[in-house]
Amino acid sequence: MSTESQDYHILVVDDERDIRDGSERILTRKGYEVTKASNGEEALERVKETLFAIVLLDLKMPGMDGLEVLRRIRQSHPEVLVIVITGYATIETAIEAMKLGAYDFIPKPFKPDQLRIVVDRASELKQLTDEAKRLQEERQRTLKDLHLEQSRTRTVIRALPDGVTVTTPDAHVALMNPACVRLVSLPGEFVPGEHIGHYVKDESFCDLVARTSRGEIPEEQTSLTYEFSMEGDKYLRADSTTIRSESGECLGAVTVVIDITGLMMLDRQKSEFVAKVSHELRSPLSTIHEQLAMLLNKLAGDTPEDQRYLLSRAKEKTHGLITMIGDLLDLSRIEAGLVAQDRRPVDVSGLLTGVVDFLRSKAAGKKQTLTLSIPEQGLPHVSSDPQSLEIVFGNLITNAIHYTGEQGSVEVSASTEDDRVRVAVQDNGFGIAERHQERIFERFYRVKDDNTRYITGTGLGLPIVKGIVDDLGGSISLESEPGKGSTFTVVLPLS
Ligand code: ADP
């Protein structure tokens, strides 16, 4: 540490002029600022006016003696380091001075080097104490800021209209804001510290919170979402996210709970409206379709080609509309929870054979091979209503045929794995680019590119398939590569 860097202010108090001036010379050369006083009274005056780092104080002076001056300086300015200057004869007084809090002493007469060493040592100590004081103040300021920040965050969380719950890695609740307490209809006063199951009765919700609190969240997901209903027709959505430290250690989870009752009601009304309109449109459209078909059959042989073309286009379009209405009605039934209600053990082998046979002519129309492979010993039964399963596999196989070029192949294979049945529909068709893969399960989403542009459809097939599979407690997944083909895999629980 350099003592030169600190231009500390030093007061030299001595009744001998030579000592005062000599000390001043030596110390100013070292970079210190020096003030002089020739007696005790003057010294105390200077100390009142200026903040000195070090005072060099002669103990033996006429008038107020050095010890008294020392006592007063220690009282009014305890941070000032006092070095006493003393003759050999007064070494006892020097000891007395040290007891009174003098930092060091220098015997008279002294050489310039002796003075430099003693003052530099004091200056070094001063620097260290100053630095320690600065750090302490900084720490206190940081703690104050932190405290302020924490109370600010707490106020914001308390005022949020959405529910927020913070849980520890073992799913104990560390914080639950008033909105959350209200949303989960907690009876009585909220006291933190218990397991989440103590506050919320919905088991799946508690499972989800426990999993995210332990950090068990699939790598590709940032949070886990769950929708559930509470008594009194209240619907809630929970989004739970694992919180990690900078080193990746799991610290627990933050779960945001929002009230989606309004949205659910709106969705229900919308579905009811769509179902009603679809229902009303189906009969007249079917009649128009039939009449157009009849008209086309009865056209005289000399009917101009353009008129025949117009009528057949109209018939095709009405057929498209009838298909869409059928799909919309299926979706409404799924949303209303009316699908797969009438469950019974279904023989999947027989069902797949029926669907594949039915679609064989469609595949043949595109010169495609359509194969079905089922284990020799057959497949165990699945609990469903057969019609729903026909819709699932009918849609997947029809899609595979549609979105595969001429002479392609479609392979349907079924197998059993643990307590599940797995059916894969694989084609070597156009494939689906990654950016579309999630989205094709959304309603009306269709991929529009050079391959699919002229293929008609509603974009409702896959949402229907997914809705039914979800209802049956199964899952659907997709692997696909553009230009190579796609495999849709459905996994269903056994009866
Ligand atoms: P639709 O077939 O009526 O358009 P779907 O919901 O059944 O509606 O399918 C949505 C979109 O997914 C299709 O438009 C198509 O682009 C894509 N798709 C579905 N199945 C396949 C498949 N086997 N190969 C390639 N693309 C597919």
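From which domains does the lining of the largest pocket draw at least three residues each? In this predicted model, they are domain 3 (264–335) and domain 4 (344–493).

**Figure 1. Domain layout of the predicted model.** The domain assignment divides the protein into domain 1 (3–135), domain 2 (160–259), domain 3 (264–335) and domain 4 (344–493). Between the C-alpha centres of domain 1 and domain 3 the distance is 106 Å. The close-up views that follow turn to pockets, the ligand and a cavity.

**Figure 2. The largest pocket and the residues at its centre.** This pocket holds about 1,500 Å³ of space. Its lining comprises 50 residues, of which T398, N399, H402, T456 and G457 are the closest to the centre. By residue class, the lining of the largest pocket consists of 21 nonpolar, 19 polar and 10 charged residues.

**Figure 3. Secondary-structure elements around the largest pocket.** At least two lining residues come from each of helix 9 (305–335), helix 10 (348–365), helix 11 (386–402), helix 13 (461–471) and strand 17 (485–493). Helix 9 makes the greatest contribution to this lining, giving 11 residues. Domain 3 and domain 4 are each represented in the lining by at least three residues.

**Figure 4. The ligand and its surroundings.** There are 19 residues around the ligand, and those that come nearest are N399, Y403, R446, T458 and L462. N399, listed here among the nearest residues, is also one of the residues closest to the centre of the largest pocket. Two side chains are shown in polar contact with the ligand: an N or O atom in the side chain of N399 lies 2.8 Å from a ligand oxygen atom, and for the side chain of Y403 the corresponding distance to a ligand oxygen atom is also 2.8 Å. The backbone takes part as well, with a polar backbone atom of G461 placed 3.3 Å from an oxygen atom of the ligand. The ligand taken alone exposes 530 Å², and 96% of that area is buried by the protein.

**Figure 5. The second largest pocket.** The volume of this pocket is about 1,200 Å³. It is lined by 28 residues, and the closest to its centre are E227, D267, E335, R443 and D470. Strand 8 (224–230), strand 9 (234–244), helix 8 (261–298), helix 9 and helix 13 each provide at least two lining residues. Helix 8 has the largest share, with six residues. The lining of the second largest pocket divides into 10 nonpolar, five polar and 13 charged residues. Helix 9 and helix 13 appear in this view and also among the elements that supply the lining of the largest pocket.

**Figure 6. The enclosed cavity.** One cavity of 30 Å³ or more is counted in the model. About 40 Å³ of space lies within the largest cavity. Its lining is made up of D330, R333, V339, D385, Q387, S388, I391 and I468. Helix 9 and helix 11 are the elements that give two or more residues to this lining, and helix 11 holds the largest share, three residues. In terms of residue class, three of the lining residues are nonpolar, two are polar and three are charged. Helix 9 and helix 11 also each supply at least two residues of the lining of the largest pocket.

Note on methods
Residues numbered from 1 in each chain as written. Predicted model: local features only at pLDDT ≥ 70, side-chain atom pairs only at ≥ 80, totals over all residues. Heavy atoms only, no water. 1 Å grid on protein atoms, 1.4 Å probe; cavity = no way out; pocket = protein on both sides within 12 Å on 5 of 7 lines; lining within 4 Å. Points joined across faces, edges and corners; volume = space filled by probe spheres on them. Helix = DSSP H or I, 4+ residues; strand = E, 2+ residues; numbered from the N terminus. Nonpolar A, V, L, I, M, F, W, Y, C, P; charged D, E, K, R; others polar. Domains from an automatic or database assignment. Near = heavy atom within 4 Å. Polar contact = N/O pair within 3.5 Å; in protein donor to acceptor, adjacent residues only side chain to side chain. Areas by Shrake-Rupley, 256 points an atom, 1.4 Å probe, with all protein chains shown as cover.
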